[in-house]
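Colleague: Could you take a close look at the salt bridges in this model and describe which parts of the chain they connect?

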Amino acid sequence: MPLVTVRYCPSAGQDIQLFYDTFGDRSTGQPLLLVMGLGGQMILWRTEFCERLAEEGFFVIRFDNRDVGLSSHLDHLGCTDVVSMFLGSLLGVSAPYTIHDMALDAAALLDHLGVPQAHLCGFSMGGLIVQQMAVSFPERVLSLTTVSSPAGLSGCTLRGKIAVLRLSSQDPDDDIQRTVNVVKSVSTRKYFDEQECEACVREVVARSPYIGGVPRQLAAILAAGYGVPDVHTVRAPTMVFHGTEDPIVPPESGKVLASAISGARLFMLKDGAHDLPPEIDEILIDGLKENAGIVDQRLPEHYAGYEAEGRSEPYNHDEYDQHYDSYAREDDDVSSSAQYSAENWSFDSDPLSASTPSDFSASALSSDGDYGYPPQEDAYASGWALRSSDESYPPEYAGRVISA
């Protein structure tokens, strides 16, 4: 598990070092690059998951993105105020580096490993990075798989924004239980295991407690407008997974992304939130195998969801790209909505001392009792409707598709 210098980054003014490890047979396995999300260390791609992929014929590569874990920390670039970024996102965000920079890092790691082409899989921000790789280096992308990935829509719920604010400013080593509670608030309820989560948090902290890069990564996401322009030019086989109850990246993002890429398949994970629980390992592995051509059969519709129906009219690429000029939904206008007003987010010295908006239940961050979630925001307010799954589907995989 080496730390290697992959390239010199002009915007950072220094060499970028990435920490990585691999699973499987390099000589026979199909290379698969796993890219983690905002502030996430590579070990959040669980070892058991990576070993299963290796058993199925992949040569798996996981790594820490810049500014997280054991890879390069770029503190000299400054620390962006995450609250100001959320409140000012409609006015544009200046980022110390970009999603494109992070895509260049990942491509340089493949260069270092002597891998000319690879299958790509990204979670959340990692989904943006692999989208950017597929747009910028199409000849290097064998297939593209995204999980809970942004696609030019904001729509992060209040619960999601609180979680991002707290995870980006609270040292997890200071209060393990508090971190567990925040993770719990954005995780799939029916699969959440508090003991397993606490063990994971402790493992992450023991490996590297560094969180100083999270605001800079968040700035890169916001500066990109939550999406990648020209994603409609992607021609690699593409599979999009998204939870129907994702509080951070709205479920509509999965529909938009799958509709934008020719031939993409969309699978909505029923009740899924913004996490990678072990219970969805098999559907992800089978999807990656199908996308890579390791298996001939298509993932059956009743296994996890439905293929994206697409649109009745030709997809308007200009409409998609306009998300990057004004990418906040009308019903999530950060500049005018009372629940996101500067008054409600007035922090003193400690961002975590912020007064909580009245419609958020404080018990959501309590270790006692039920989740105490506020009423679920209408994730389908933009006109998308849900078609319920058939009751005969396996309960752990039964899916629903967003249908126009």
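Modeller: What follows is a walk through individual pairs, ending with a network. The model is a predicted one, and its structure holds 19 salt bridges. I begin with Asp105 and Arg7, which form a salt bridge whose closest N and O atoms are 2.8 Å apart; this pair links distant parts of the chain, since Asp105 sits in helix α3 (residues 99–112) and Arg7 in strand β1 (residues 3–9), 98 residues apart. Both Asp105 and Arg7 are buried.

A second salt bridge runs between Arg216 and Asp75, with the closest N and O atoms 3.1 Å apart. Because Arg216 belongs to helix α8 (residues 214–223) while Asp75 lies in the loop between β4 (58–63) and α2 (82–87), the pair ties together parts that are 141 residues apart in sequence. Here the two partners fall into separate exposure classes: Arg216 has a relative accessible area of 1% and is therefore buried, the cut-off being under 20%, whereas Asp75, with a relative accessible area of 47%, is partly exposed.

Helix α3 appears again in the salt bridge between the side chains of Arg140 and Asp111, which meet at 2.7 Å, N to O; Asp111 is in helix α3 and Arg140 in the loop between α4 (125–136) and β6 (141–147), so that distant parts of the chain, 29 residues apart, are linked. Arg140 has a relative accessibility of 14% and so counts as buried. Finally, salt bridges that share partners join Arg52, Glu55, Glu56, Glu282, Asp286 and Lys289 into one network.

How values were computed:
Residues are numbered from 1 along each chain as its sequence is written. This is a predicted model: local features need pLDDT of at least 70, side-chain atom pairs count only at pLDDT 80 or more; totals for chains, interfaces and linings use all residues. Side-chain values use heavy atoms; hydrogens and water are left out. A salt bridge is a side-chain nitrogen of Lys or Arg within 4 Å of a carboxyl oxygen of Asp or Glu. Helices (H or I, at least four residues) and strands (E, at least two) are DSSP runs, numbered from the N terminus. Buried means under 20% relative accessible area, exposed over 50%, partly exposed in between (1.4 Å probe, protein chains only).
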